[in-house]
Amino acid sequence: MTTLSFEARARQLVSQMTLEEKINQMSHAAPAIERLGVPAYNWWNECLHGVGRAGIATVFPQAMGLAATWNVALVHQVASVTADEARAKHHEAVRNGIFDMYTGLTFWAPNINIFRDPRWGRGQETYGEDPVLTARMGVAFVKGLQGDDPTYLKVVGTPKHFAVHSGPEQDRAEFNVNPTQRDLWETYLPAFEACVKEGGAASVMSAYNRLNGEPCSASPALLQHILRDQWGFEGYVVSDCWAVYNIYQFHKVVATAAEASALAVNAGCDLDCGDSYPTLIDAVPQGLIDEATIDQALVRVFTARFRLGMFDPPEKVAYAQIPFSVNDAPEHRALALQAARESLVLLKNQDHFLPLAKTPRAIAVIGPNAHNPDALLGNYNGFPSSSVTPLEGLQAKATAGITVTYAQGCGIYGSDTSGFNDALTLAKNADIVVFVGGLSQALEGETGQKDGLEEGMVSQGDRIRIDLPDVQEQLLQTLYATGTPIILVLLNGSALAINWAHEHVPAILEAWYPGEEGGTAIADVLFGDYNPGGKLPVTFYKSVADLPSFEDYHMAGRTYRYFTGEPLYPFGYGLSYTQFAYSDLDTSATPLSENTPLTLSVNVTNIGDVAGDEVIQVYVSAERAGYPLRQLAAFQRIHLAPKASQRVNFSLTPQVFTRVDDDGLRLSEPGRFTVSVGGGQPNGSTGVQTQVEVITP
């Protein structure tokens with residue numbers, strides 16, 4: 001039997017099941033079929049930035065922080081290490097007869113939805129607002145999870161939520177989205193296509209909302225015509241949790257669970273995270289679905305289990321040999337520190353205020369996120385065996401003669417100012433204040449998180465405001481009045497409109513939710529032991545007034561690609577303790593035809609006195625109607641010693657110079673494009689440009 005393909009083995013196994021047994025295997029908590037030697041299996045598992053919700057595990061920076069590294073190889077390594085820990089945990093659970101949720105090998109990550117609006121509470125789970133950056137990070141993460149064994153998967157990666165999903169959270173169970181065909185194909189779908197075609201994702205999770213009237217978990221357009229017919233996807237589709245229930249309960253597309261379940265499976269949703277699919281036992285005699293369609297879905301899900309080696313002797317599966325000792329290993333903690341360091345984005349450094357000189361001084365560490373281990377973790381997180389808060393990182397870094405004092409000062413939000421006096425006392429007696437504030441899971445997250453309502457700040461996990469909470473702003477300004485210089489460190493998962501701080505505070509560091517080693521990474525940057533090189537994966541706007549309606553999924557006016565206003569900090573922005581210069585941009589001959597890639601090479605030099613990382617960003621602009629204002633086309637993060645240079649090469653696909661029209665057709669049009677190469681967006685950083693002429697065939 002083992003000489004057959006995994007799909008053939010799955011088909012043979014399914015053929016031996018009764019209809020009731022088949023249907024019972026189509027929910028996330030699948031029972032054992034003892035007579036066929038099928039153990040129980042729970043499909044629900046999470047690994048957004050490390051193995052989540054399964055006890056001790058290495059906790060890496062939240063996904064938004066990983067995106068801020070702009071380091072594809074690093075994200076691949078993080079995913080690979082995460083999968084190692086997942087394998088170790090799974091086999092330990094099996095050895096102990098445990099088959100519960102969060103012990104399996106099928107993981108519901110990465111979240112590759114486009115973070116189109118900073119108010120979305122789950123935006124922290126994504127790789128930001130750009131389809132190219134999201135696609136590169138998503139592919140790297142999926143490949144890292146699934147491994148490179150020619151026969152078996154390490155674990156299953158599941159890009160989610162397919163498709164066009166990014167809030168509002170409170171309406172996700174009933175919301176209908178009607179994007180233009182241009183926005184659908186240029187913004188919302190590219191990362192999914194890349195994860196399927198390039199990443200080889202073994203699974204895809206469907207979304208809660210409707211798309212053009214069709215529930216995404218029961219959409220023939222998405223799950224059959226696009227995913228399987230156009231992209232050649234051969235894996236299984238799992239619904240978002242209770243999305244099938246929503247089809248009849250909230251979307252009201254059909255009246256009963258049996259109808260909703262049949263609608264979903266017929267459309268190509270193979271597995272239900274929820275409890276609706278058992279009603280398929282009623283749907284079959286009603287003629288709503290036939291058993292052959294159920295068989296097809298079940299073959300897909302069992303093929304995945306076979307690809308994971310679950311029905312083969314452990315000695316045949318190399319991944320089954322991963323020892324439990326790899327979980328939370330020292331080298332994994334070292335990788336978490338590297339990822340945290342690379343994720344940090346220096347937003348402001350007036351008059352080279354940072355790094356701090358290692359001379360005797362008194363540092364007052366103040367703020368609600370300064371010594372709160374939970375603020376390191378983000379959501380969908382695991383639990384580190386130990387962690388380092390910003391306070392602990394600074395205390396450990398402080399050399400003899402440097403005193404570090406601490407006061408919380410205030411909460412993340414609220415009106416309690418009783419801690420202000422203690423904070424002021426420390427600030428008046430300090431040489432430097434490090435204020436560590438920002439957000440927390442109380443102010444941004446998934447539906448059901450309702451804290452902050454009394455301030456009109458949060459609705460079902462989404463933010464209503466994008467500025468710093470009032471009590472933090474008040475404390476920050478009160479501390480500023482003491483005259484003691486302030487370094488602002490932000491822990492958060494999405495953009496903040498820190499307009500006052502931008503004008504008054506000399507140094508600002510964006511740290512995201514940095515994971516278990518976040519405090520060490522922050523201290524390394526503040527004291528100059530690490531030169532920050534992260535770049536923003538999202539636009540920081542000045543005001544919510546700059547944003548279109550949260551419910552509007554059209555991209556006009558959204559993200560750096562279509563925003564015509566002035567951002568507080570632009571997408572792709574980030575400072576360094578050194579400077580980089582660009583020169584000698586060479587391109588392949590133009591004009592380009594429809595099938596001709598454009599090759600670029602550019603010289604990058606570290607002209608400063610400190611070693612550092614630079615993220616080279618390539619943007620394309622058509623400067624005419626029908627195209628984004630600018631579009632990231634390629635990027636690469638490199639490290640350069642002082643005065644060192646490196647020649648960096650890129651190849652831009654012809655698709656970069658095309659557009660999608662209102663009918664969903666991709667057009668190659670003649671015209672002139674500007675290609676810009678630098679350390680940020682065009683006109684916002686030192687860089688070089690060239691003009692490229694494109695002709696139609």
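The protein carries 47 positive and 76 negative side chains. The centres of these two sets lie 3 Å apart. The model is a predicted one. About 23900 Å² of the protein is exposed, and carbon and sulfur atoms supply 49% of that area.

The overall dimensions were examined next. Along the principal axes, the C-alpha atoms fill a box of roughly 75 × 60 × 50 Å. A compact globule with 697 residues would have a radius of gyration near 26 Å, and the protein agrees with this because its own value is 26 Å. The secondary structure comprises 19 helices and 24 strands. Of the 697 residues, 62% count as buried. Contacts between residues at least 6 apart in sequence were also considered; 75% of them join residues at least 24 apart.

In soluble globular proteins, nonpolar side chains tend to be buried together. The largest nonpolar core here has 131 residues. Phe-162, Trp-231 and Phe-302 have the most contacts inside this core. With neighbours within four places in sequence left aside, Trp-231 is in contact with Phe-162, Trp-185, Leu-189 and Phe-192. Glu-193, Val-196, Lys-197 and Ile-226 are also in contact with Trp-231. A second core is separate and has 46 residues, among them Cys-410, Leu-439, Ile-508 and Trp-512.

Backbone geometry was then considered. Most residues other than glycine have a negative phi, and most peptide bonds are trans. Trp-512, a member of the second core, has a positive phi of about 55 degrees although it is not a glycine. Trp-512 lies in the loop between strand 15 (507-510) and helix 18 (518-526). The relative accessibility of Trp-512 is 1%, so Trp-512 counts as buried. Lys-252 also is not a glycine and has a positive phi, of about 60 degrees. The loop that holds Lys-252 runs between helix 9 (243-249) and helix 10 (257-267). Lys-252 counts as exposed because its relative accessibility is 59%, over the 50% cut-off.

Cis peptide bonds occur at two prolines described here. One joins Ala-109 and Pro-110, with omega about 10 degrees. Pro-110 is in the loop between helix 4 (72-95) and helix 5 (131-146). Another joins Leu-354 and Pro-355, with omega about 5 degrees. Pro-355 is placed in the loop between strand 8 (345-349) and strand 9 (362-366).

Further loop positions were examined individually. Ile-289 is found between helix 11 (280-283) and helix 12 (291-307). Its relative accessible area is 5%. Ile-289 is therefore buried, as the cut-off is under 20%. Beyond neighbours within four places in sequence, the contacts of Ile-289 are Ala-262, Val-265, Asn-266, Leu-280, Ala-283, Val-284 and Ile-294. Ile-289 and Leu-66 are 223 residues apart along the chain, and their C-alpha atoms are separated by 43 Å.

Leu-453 occupies the loop between strand 11 (432-438) and strand 12 (458-459). Its relative accessible area is 47%, so Leu-453 is partly exposed. Residues up to four places away in sequence aside, Leu-453 touches Val-458 and Ser-459. From Leu-453 to Arg-624 the C-alpha distance is 43 Å, with the two positions 171 residues apart in sequence numbering.

Thr-180 lies in the loop between strand 3 (176-177) and helix 6 (181-188). Thr-180 counts as partly exposed because its relative accessibility is 28%. Along the chain, Thr-180 and Asn-212 are 32 residues apart. In space, their C-alpha atoms are separated by 9.9 Å.

Pro-570 is in the loop between helix 19 (559-562) and strand 16 (580-587). At 26% relative accessibility, Pro-570 counts as partly exposed. Pro-570 touches Leu-536, Val-538 and Gln-681, not counting residues up to four places away in sequence. Thr-559 is 11 residues from Pro-570 in sequence, and the C-alpha atoms of the pair are 9.2 Å apart.

How values were computed
Residues numbered from 1 in each chain as written. Predicted model: local features only at pLDDT ≥ 70, side-chain atom pairs only at ≥ 80, totals over all residues. Heavy atoms only, no water. Helix = DSSP H or I, 4+ residues; strand = E, 2+ residues; numbered from the N terminus. Buried < 20%, exposed > 50% of the residue type's maximum accessible area, 1.4 Å probe, protein only. Contact = heavy atoms within 4.5 Å. Core = buried A, V, L, I, M, F, W, Y, C linked by side-chain atoms within 4.5 Å. Rg over C-alpha atoms; globule rule 2.2 N^0.38 Å. Areas by Shrake-Rupley, 256 points an atom, 1.4 Å probe, with all protein chains shown as cover. Lys, Arg positive; Asp, Glu negative; His and termini not counted. Charge placed at Lys NZ, Arg CZ, Asp CG, Glu CD.
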